[in-house]
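User: I would like to learn how to read a sheet and a helix from a model. Can you take me through one?

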Amino acid sequence: MKTFNVGIIGTGGIANGAHVPALQKQPDVKIVALCDINPEALTSTAEKCGVGKDYQFADYNKMLEMDELDAVHICTPNDIHMDPTVRALEAGKHVLCEKPIGRNPEEGKKMVDAAAKSGKKFMVAQCWRWNQDVQALKRFIDAGELGDIFM
């Protein structure tokens, strides 16, 4: 079984509360690199993940130079999603970006365009879409059983 090597950009609450635990449960996934401008957050998360000093970065561009990275999770604050996402896609990495996709439609389009150009997978972590109750509601909406949906 091939190991899928993942890097995480942004080691705050969502990374530690959701991404790290989920990735650590996957037998074929290894967190190999971390990036954050906050040295304390970076060191704390690195200890949880077993990521050595040589694979801890303050500059995500340096991390993205790693050939062994297959994918990157973007867990930065909302207003800092676009640049690391586009750079990761341009570097040939698959990307899972926390929601929202960007601050406006133009940022979202740049991210989607970068994914199309790179040929890599790009997903926004709209994780509720996989819940059974949400999928059931979607079926009701598609069947016209709930009337006009406004929000």
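Analyst: Start with a definition: two strands pair if DSSP finds at least two bridges between them. Keep in mind that this model is predicted.

User: What is the strand order of the open sheet, and how many strands does it have?

Analyst: The sheet is open and has six strands. The order is β3-β2-β1-β4-β5-β6, and the pairing is parallel. β3 (56-57) and β6 stand at the edges with a single partner strand each, so one side of each has no neighbour in the sheet.

User: How many bridges join β1 to β2?

Analyst: Six, and the two strands run parallel. β2 covers residues 29-35. I9 has C35 in β2 as its bridge partner. N5 stands opposite K30 in β2. As for cover, six of the seven residues of β2 are buried.

User: Is N5 buried or exposed?

Analyst: The cut-off for buried is under 20% relative accessible area. N5 has 16%, so N5 counts as buried. N5 is found in strand β1, residues 4-9. Beyond its neighbours within four places in sequence, N5 is in contact with K30, V32, E68, L69, D70 and A71.

User: Now the helix. How should I read the faces of α5?

Analyst: The general idea: an α-helix has 3.6 residues a turn, so residues three or four places apart point the same way. In this case, the buried residues of α5 are E107, G108, M111, A114 and A115. Seen down the axis of α5, these buried residues fall within an arc of 125°, so they line one face of the helix. The face turned away from that buried side carries the exposed residues P105, E106, K109, K110, A116 and K117.

User: What do the buried residues of α5 pack against?

Analyst: They pack against α4 (82-90), β5 (94-97) and β6 (122-124). α4 itself lies across β1, β4 (71-74), β5 and β6. Its angle to β5 is about 165°.

User: How far does α5 reach from its first C-alpha to its last?

Analyst: α5 spans residues 105-118, which is 14 residues. The reach is 20 Å, close to the 20 Å expected at 1.5 Å a residue.

User: Which residue caps the N-terminal end of α5?

Analyst: N104 does. One of its side-chain oxygens lies 3.1 Å from the backbone nitrogen of E106.

User: And what comes just after α5?

Analyst: G119, which takes a positive phi of about 75°.

Methods
Residues numbered from 1 in each chain as written. Predicted model: local features only at pLDDT ≥ 70, side-chain atom pairs only at ≥ 80, totals over all residues. Heavy atoms only, no water. Helix = DSSP H or I, 4+ residues; strand = E, 2+ residues; numbered from the N terminus. Expected span 1.5 Å × (residues − 1). Buried < 20%, exposed > 50% of the residue type's maximum accessible area, 1.4 Å probe, protein only. Arc of directions from axis to C-beta. Contact = heavy atoms within 4.5 Å. Polar contact = N/O pair within 3.5 Å; in protein donor to acceptor, adjacent residues only side chain to side chain. Axes fitted to C-alpha atoms, helices over the stretch in contact; angles between N-to-C directions.
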